[in-house]
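Reader: I've got the model open and I'd like to learn how to read its enclosed spaces and its sheet. Can you take me through both?

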Amino acid sequence: MTQKIHLIGETVLDIIFKNGQPIIGNPGGSILNTAVSLGRLGLKPFFMSDYCQDKVGQLIKNFLIKNGVEPYQTANNGISQTSIALAFLDNNNNAEYQFYKSRPQNCDSQLFKSDFKPNDILGFGSFYAIMPEIRLGVEKLISDAKKAGAIVLYDPNFRKPHLKDLPKVKNYILYNIKNADIVKGSDEDFELIFGTKTEQETFEIIKKLNPEISFFYTKGALGSVFMRENYKIEFLAPKIKVVNTIGAGDNYNAGIIYGLVNYCKKFYNNTYFSAKKLLAQMPTDEIKKILNIATDFSQRVCQSSENYITV
């Protein structure tokens, strides 16, 4: 038995600026960054997106294949252009973004179709997961994953440029949380979405939506926290020299998935193996391993100029 990793998210080209000058361009997008790291680790993730047939889109497609990711291309109308994200690094190498995006014009039924098997993993998030234009397709994909017995991981990855859209998309965020098995997000995400300032405040809201949730809450240099009902583990992050923070949270997600796949391998010979039950009952030492891997992946990216880990 093997686990297939299904990922869906936006595709952009990240152009990074420092001191007013562009210094590097990387294929990007929150879930794409996760996919590339998992591809480099040999897990062969299946990545669903809507990059286009322009030169930027072809560059990104070739990059994904080279890095062990199976891409699915749509938006092939010859008119749309692959999106661009400009990332401006401040003195602490934290990024502020400006986006130049082509929104999907319709919900492509093929894009949102995947062959889920029990114990597979679906990872999704960022603004792509709540775009009204493709919302029906995203909800169908979540429903199909849940019906098949796959593990669903959601990262809202909500940023300030989208704050003006929050009133019309907040119900989509709540739906995603209700239907996930794992939610991972940053303190900044949840302060924007819920106005909360601590992991406990945030968890109280999330567990009302989904009492069985496994929750990862990241706090930048202060580390991260894992929580489920009546259970909490804090994990401190070692101090590092940060080159840039682009992809930090995305690679934390890659670490969660990688750690979960390795944990589940121990049970593959069990006829009644259920990854969801294992997740709910995962012992403390295994959770600490995942927190360690996720933190390591995140910090490795923060110390490089790429959006993904190097292996």
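Reader: Which classes, nonpolar, polar or charged, make up the lining of the second largest cavity?

Author: Rolling a probe the size of a water molecule over the atoms shows where empty space is left. On a 1 Å grid over the protein atoms alone, a cavity is a set of points where a 1.4 Å probe fits but cannot get out, and lining residues have an atom within 4 Å of a point. Here, in a predicted model, the lining has nine nonpolar, no polar and one charged residues (Ala, Val, Leu, Ile, Met, Phe, Trp, Tyr, Cys and Pro count as nonpolar; Asp, Glu, Lys and Arg as charged; the others, Gly among them, as polar).

Reader: Which residues line the second largest cavity?

Author: Among them are Phe216, Phe226, Arg228, Leu260 and Met282. Strand E12 (224–228), helix H7 (248–264) and helix H9 (284–302) each give two or more residues. Those labels are DSSP runs numbered from the N terminus: helices (H or I) of at least four residues, strands (E) of at least two.

Reader: How many cavities of 30 Å³ or more are there?

Author: Two, and the second largest holds about 60 Å³. A volume is the space filled by probe spheres set on the points, which are joined across faces, edges and corners.

Reader: And the sheet: in what order do the four strands come?

Author: Strands pair if DSSP finds at least two bridges between them. The open sheet runs E3-E2-E6-E7, with mixed pairing. E2 (residues 12–18) and E3 are antiparallel, joined by seven bridges, and Asp14 stands opposite Asn26 in E3.

Reader: Any ground rules?

Author: Residues are numbered from 1 along each chain as its sequence is written. In this predicted model local features need pLDDT of at least 70, side-chain atom pairs count only at pLDDT 80 or more, totals for chains, interfaces and linings use all residues, and side-chain values use heavy atoms, leaving out hydrogens and water.

Technical notes
1 Å grid on protein atoms, 1.4 Å probe; cavity = no way out; pocket = protein on both sides within 12 Å on 5 of 7 lines; lining within 4 Å.
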